[in-house]
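Me: Got a minute to walk through this one with me? Let me pull it up.
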Amino acid sequence: MSLFKSTLIATALVAAGVAGTANAASVGQNFKVKISITGSCTFISASDINFAATAATPGTRDATGTIKVQCTNNLPFSVQLNSGLNGGGNVNARKMKSTSGADTIAYQLYSDSFSTVWGTATSGAGLVSGTGAGFGGTTLDKSFTVSARATLVGTEPVASYEDTITATVTY
């Protein structure tokens with residue numbers, strides 16, 4: 001038989017589906033898709049607490065501020081407030097200093113309506129705690145009011161007074 005005839009017959013057999021086909025084989029392998037979510041928190045804002053300008057008459061003055069945090073959904077956390085720059089490490093001795101640095105005004109920060117001092121894990125009983133709701137969008141903010149009370153003795157000289165507090169979120 002000629003090469004042309006053999007090729008023509010083979011082509012016709014393949015076209016007709018008569019020629020044999022190779023057995024196909026397959027094998028599978030499973031794999032996993034994973035992600036690990038780690039817990040974290042971030043401060044959204046911490047507002048300054050501004051007492052209104054006042055005469056130096058004895059008594060207390062009250063003001064409030066707000067701290068907002070966001071944390072991973074269902075993550076427990078606490079917010080601590082230190083003693084400030086002038087409290088000597090003692091949250092019960094917080095003081096605002098005058099711009100000259102010579103005079104001070106005692107004040108306190110509270111986690112509620114002026115009964116529980118807002119402190120740290122080692123000082124003060126007023127740690128504020130919460131559980132995160134997730135990140136993104138203001139509806140997930142955890143908002144805390146900081147109540148502040150300054151105590152004037154009546155002998156404070158004219159000046160501006162201030163202190164700086166560090167807020168820390170622990171999770």
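Me: Start with the pocket. Which strand gives the largest share of the lining of the largest pocket?
Reply: That's β7, which puts four residues into the lining of the largest pocket. Keep in mind that this is a predicted model.

Me: And what volume does the largest pocket have?
Reply: About 830 Å³. Besides β7 (142-152), the elements giving two or more residues to its lining are β2 (59-71), β5 and β8 (161-162).

Me: How many residues line the largest pocket, and which lie nearest its centre?
Reply: There are 34 lining residues, and Ile 49, Phe 51, Met 96, Tyr 161 and Glu 162 lie nearest the centre.

Me: How do the lining residues divide into nonpolar, polar and charged?
Reply: 23 are nonpolar, six are polar and five are charged.

Me: OK, zooming out. What's the secondary structure of the chain?
Reply: One helix and nine strands. Along the sequence the pattern reads α-β-β-β-β-β-β-β-β-β, with the helix ahead of the strands.

Me: How much of the chain counts as buried?
Reply: 29% of the 171 residues. As for contacts between residues at least 6 apart in sequence, 73% of them join residues at least 24 apart.

Me: What about the largest nonpolar core, how many residues does it have?
Reply: It has 21 residues, and the ones with the most contacts inside it are Ile 67, Phe 77, Val 79, Trp 118 and Phe 144. β2, β3, β5 and β7 each supply at least two residues of this core. The largest share comes from β7, with five residues. So β7 gives the largest share of the pocket lining and also of this core.

Me: Why would nonpolar side chains be buried together?
Reply: That's just a general tendency of soluble globular proteins.

Me: Switching to Gln 80. Where is it, and is it buried or exposed?
Reply: Gln 80 sits in strand β3 (residues 76-81). It counts as buried because its relative accessible area is 14%, and the cut-off for buried is under 20%.

Me: What does the side chain of Gln 80 make a polar contact with?
Reply: The side chain of Thr 170, at 2.9 Å. Gln 80 is also in contact with residues including Trp 118, Gly 119, Leu 127 and Thr 166, leaving aside neighbours within four places in sequence.

Me: And Phe 114, where does that lie?
Reply: Phe 114 is in the loop between β5 (104-110) and β6 (128-131). Its relative accessibility is 24%, so it counts as partly exposed.

Me: Which residues is Phe 114 in contact with, leaving aside its neighbours within four places?
Reply: Asp 62, Ser 147, Ala 148 and Arg 149. Take Ala 148: it is 34 residues from Phe 114 in sequence, and their C-alpha atoms are 7.6 Å apart in space.

Me: Asn 50 next. Where does it lie, and is it buried or exposed?
Reply: It lies in the loop between β1 (41-46) and β2. Asn 50 is at 62% relative accessibility, so it counts as exposed. Its C-alpha atom is 9.3 Å from that of Asp 62, twelve residues away along the chain.

Me: Last one, where does Ser 40 lie and what does it touch?
Reply: Ser 40 is in the loop between α1 (3-16) and β1. Not counting residues up to four places away in sequence, Ser 40 touches Gln 70, Cys 71, Thr 72, Leu 75, Phe 135 and Tyr 171. At 27% relative accessibility, Ser 40 counts as partly exposed.

Methods: Residues numbered from 1 in each chain as written. Predicted model: local features only at pLDDT ≥ 70, side-chain atom pairs only at ≥ 80, totals over all residues. Heavy atoms only, no water. Buried < 20%, exposed > 50% of the residue type's maximum accessible area, 1.4 Å probe, protein only. Contact = heavy atoms within 4.5 Å. Polar contact = N/O pair within 3.5 Å; in protein donor to acceptor, adjacent residues only side chain to side chain. 1 Å grid on protein atoms, 1.4 Å probe; cavity = no way out; pocket = protein on both sides within 12 Å on 5 of 7 lines; lining within 4 Å. Points joined across faces, edges and corners; volume = space filled by probe spheres on them. Nonpolar A, V, L, I, M, F, W, Y, C, P; charged D, E, K, R; others polar. Core = buried A, V, L, I, M, F, W, Y, C linked by side-chain atoms within 4.5 Å.
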